[in-house]
Amino acid sequence: GWHRAAQLRQSRPASREAFVAMWLDPQVEPAWRDGFRQALEACGLTPVRVDGEGDSAIDDEVIARLRRARVVIADATGTRPNVYYEAGLAQGLGIPVVWTVHADHERDLAFDTRQLPHLIWRTPEELRTRLAARLRALALDLPAR
């Protein structure tokens, strides 16, 4: 088991980037600004979110950024197909995925991911605290803070 764990750690990208797949809507901007971004930065990671709506090359950028990510945060709030696609791609690449969802959207979780552990949050502050704790619990070689 220890040998396999070492292999998995070596296969992960050495980057400090954390890709955030989420609904790009003004009502969840506070979650991005005060929750996701702050939690990731507190853990020594660089938050990445691809926002280029209408750009025909966005898929290429998303795939390239996902491939470089140390971890992917998939927020199921708003039941966005892109979030499920990006999380599935990351999982297929062997990149750890942390699932989150706002409490008001928990009942809307997709059938295929409902059984996965989701961090359920109500406020950006709660999201920030819980996400930072989960990230530190993963074997990502994060600096202690």
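What share of the contacts in the chain with a separation of 6 or more is accounted for by residues 24 or more positions apart? In the predicted model examined here, such pairs account for 67% of the contacts in the chain with a separation of 6 or more. The chain has 145 residues, of which 41% are buried, and it contains 5 helices and 5 strands. Read from the N terminus on, these elements follow one another as α-β-α-β-α-β-α-β-β-α.

The 5 strands form an open sheet whose order is β2-β1-β3-β4-β5, with parallel pairing. Its edges are occupied by β2, residues 46-48, and by β5, residues 118-121, each of which pairs on one side only. Between neighbouring strands of this sheet the turn is 25° on average, with direction ignored. Within the sheet, strand β3 (residues 71-75) and strand β4 (residues 97-102) are joined in the parallel sense over 4 bridges. Two positions illustrate the register of this pair: valine 72 has valine 97 in β4 as its bridge partner, and isoleucine 73 stands opposite valine 98 in β4. Strand β4 is also mostly covered, since 5 of its 6 residues are buried.

Helices α3 and α5 both take part in contacts with the sheet. Helix α3, which comprises residues 58-68, packs on the sheet and touches β1 (17-21), β2 and β3, and the direction of α3 makes about 135° with that of β1. Helix α5, comprising residues 124-137, lies across β3, β4 and β5 and runs at about 155° to β5.

Packing between helices was examined for two pairs, α2 with α5 and α3 with α4. Two packed helices are described by the angle between their axes and the distance between the axes. For helix α2 (residues 29-42) and α5, the angle is about 25° and the axes lie 8 Å apart. Because of this angle, α2 is roughly parallel to α5, and the crossing of the two helices is right-handed. On the side of α2 the contact is made by Pro30, Ala31, Asp34, Gly35, Phe36, Gln38, Ala39, Leu40 and Ala42, while α5 contributes Pro124, Leu127, Arg128, Leu131, Ala132, Leu135 and Arg136. Classified by residue type, this contact of α2 with α5 has 11 nonpolar, 2 polar and 3 charged residues.

In the second pair, α3 and helix α4 (residues 81-92) pack at an angle of about 40°, with a separation of 10 Å between their axes. The two helices are therefore oblique to each other, and α3 passes α4 in a right-handed crossing. The contact involves Val62, Ile63 and Leu66 of α3 together with Tyr85, Glu86, Leu89 and Ala90 of α4. By class, the residues of the contact of α3 with α4 divide into 6 nonpolar and 1 charged, with no polar residue among them.

Note on methods
Residues numbered from 1 in each chain as written. Predicted model: local features only at pLDDT ≥ 70, side-chain atom pairs only at ≥ 80, totals over all residues. Heavy atoms only, no water. Pairing = 2+ DSSP bridges. Axes fitted to C-alpha atoms, helices over the stretch in contact; angles between N-to-C directions. Contact = heavy atoms within 4.5 Å. Parallel < 35°, antiparallel > 145°, perpendicular 65-115°, else oblique. Left-handed = near helix turned anticlockwise from the far one by under 90°. Nonpolar A, V, L, I, M, F, W, Y, C, P; charged D, E, K, R; others polar. Buried < 20%, exposed > 50% of the residue type's maximum accessible area, 1.4 Å probe, protein only.
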